[in-house]
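User: I would like to go through the reasoning behind some of the strand assignments in this model. Could you take me through them step by step?

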Amino acid sequence: MSDRRSNRSLLATQVRYQNKIFFRTPVAAFFTIFFPLMIFVVFSLVFGNQYIEELGVTTAQYFAPAMAVFAAVSASYTNIATTTAYQRDMGILKRVRGTPLPAMTYMGGKIISAVEIAVLSVVIMMAIGVAFYGVEIYARTLPAAIVTFLVGVGTFAALGLLVAALVPSGEAATAVTNATLLPLAFISGVFLPPSSDAPSWLTAIADFFPLKHFVEPFSQAFNPLYTGSGWEWGDLAYMLAWGIGAALLAVKLFKWEAPTGGGSRRKRRQRSAS
Amino acid sequence: MSVIEVENLVKSYDDVEAVRGVDLHVDAGEVFALLGPNGAGKSTIVEILEGHRTKTSGSVSVLGFDPTDHHRDYRERIGIVLQETAVEEQLTVKEAIDIYGSMYPKRRPTDELIEIVGLEEKTNARIRTLSGGQRRRLELALGIVGDPDLIFLDEPTTGFDPSARRQAWSIVKNLTSLGKTVLLTTHYMDEAQFLADRVAVIASGEIVAEGTPDSLGNRRTAQSIITFSTDASDGLSLPIGGAVVAETGSIEFRSDDPTKDLHTITGWALENNIELVDLAVRRPSLEDVYLELTGGDADE
């Protein structure tokens, strides 16, 4: 039909509206943007500008990119998985399914919104780091850092959709994302600099999951002792493989209605309404 | 022109047959009601027509489409008001209508929709703050935001107070005056009677009766019911046999010839100086027919 709006315009509307919902959900906005920022500020205050001997960088210089990655993964992985699963519980996905909006446009809106939120949180983090804690940004590695960041966010957005496709409810999505992200963040060098004393099996687990392949090249781009341009093609390809695999599986397994009976859905809806 | 054509529709869940060989034909501009108790299969039928469920067997054509194809052209022409859907709580009424409206090529203006459903005072209120009835009215607005040719209303007024129901009914009546086809499910007899051109009564996954609300279950030719109550003692002999004393204490006759029988009764009452309190003659209500058809009346 000629009056049909272009997919690009539909997508733009969806992104705007997903952003709106995000910023009007205080819990999501807090944990995604302010929580990582808080950790960064606290670490920087406590450890000041101490040198981390093994890495040859200051605490702030190390934690600014690491916490930016944590914020980005919260915005994409955690946020998409939980909001999508909760919206399914409420019956919102079923409503969307009954409209002419193409499924890919709806999902695309969620993913692009997550990217925008992640970009916003990394910009805030870096700006505060540069302004108050002497964090340095290098033009030489900036292009690679940006591309790594976007590929990472996209990958974790796809993983968020996969979690939403696999779990039965919003509560389960919250549990699964926390139970996977927090331990992985600890062993992948997000909260703690990687230790050479770690047992090899733990290193193997960290190597397997994509988080380490996100945080290492991104952090490296902010390492003053690093002399390269920051392109880590192996890590990018590894993340992309995870992202594409997760996206394909999510599309295949995605459900628009909660698998539980109508009764429990109604109950949940009433509870959220009260 | 036929908008909905369903033949021998069957839907099984595991080993339970929720819909057992249903035929439906709904013409353009018609308001068609599926009336039946909870669990009769109404919602299953509607959700198959909407494309939310797949059928087990039978043929389904709606506006010339097979709903299971989930075709965008089809979804642009239908509007759905389901029981179990919700709207993002963080949005305002206006935002929700704008966003859902943006998905359709044809669309009704947001202001006009807000006025139709009577939510003017809540235009910029977050959906979180709306009452149950207001949410339902918003959902009605979202169901017609794309100016659909066919509207599915799944129990549109369940949980409404009487004035909200009247309001919702007049909204639906307005839609039908624009030539829209409406498929309605309800378990309220009065709703079917007020809104529908034709009614199909569903029980246990089958259509047990179909017709206009007035003719359903041969209401037009059925026996009339004469009721009254009296203070007189039980010893009186009534002039007509076959009286039944209802639970309420009133006396009830079934009559093939109400004019004559009423004359006999009133004559008898005058002669014996008996006051007939609440004297009434009525045809079986849709409710009587419905209860009989669905086996819902324990006395039958």
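**A sheet in chain B**

Analyst: In this predicted model, B:T227 has B:E252 of β12(B) as its bridge partner.

User: What makes β10 and β12 of chain B a pair of strands?

Analyst: Two strands pair if at least two bridges are found between them; strand β10 (residues 224-229) of chain B and strand β12 (residues 251-255) of chain B are joined by five bridges, so the criterion of at least two is met. These two strands run antiparallel, and B:S224 has B:S255 of β12(B) as its bridge partner.

User: How do you know that β11 of chain B pairs with β12(B)?

Analyst: Strand β11 (residues 244-245) of chain B is joined to β12(B) by two bridges, the strands running antiparallel, and because the definition asks for at least two bridges, this counts as a pair. B:V245 stands opposite B:I251 in β12(B), and in the hairpin of β11(B) and β12(B), with five residues between the strands, B:G249 takes a positive phi near 95 degrees.

User: Why are β11 and β13 of chain B said to stand at the edges?

Analyst: The open sheet of chain B has four strands in the order β11-β12-β10-β13, with antiparallel pairing. β11 and β13 (277-282) of chain B each have a single partner strand, so one side of each is left without a neighbour in the sheet. Helix α8 (residues 258-271) of chain B packs on this sheet, touching β10, β12 and β13 of chain B, and its direction makes about 15 degrees with that of β10(B).

Key: Residues numbered from 1 in each chain as written. Chains lettered and ligands numbered in written order. Predicted model: local features only at pLDDT ≥ 70, side-chain atom pairs only at ≥ 80, totals over all residues. Contact = placed C-beta atoms within 7 Å. Axes fitted to C-alpha atoms, helices over the stretch in contact; angles between N-to-C directions.
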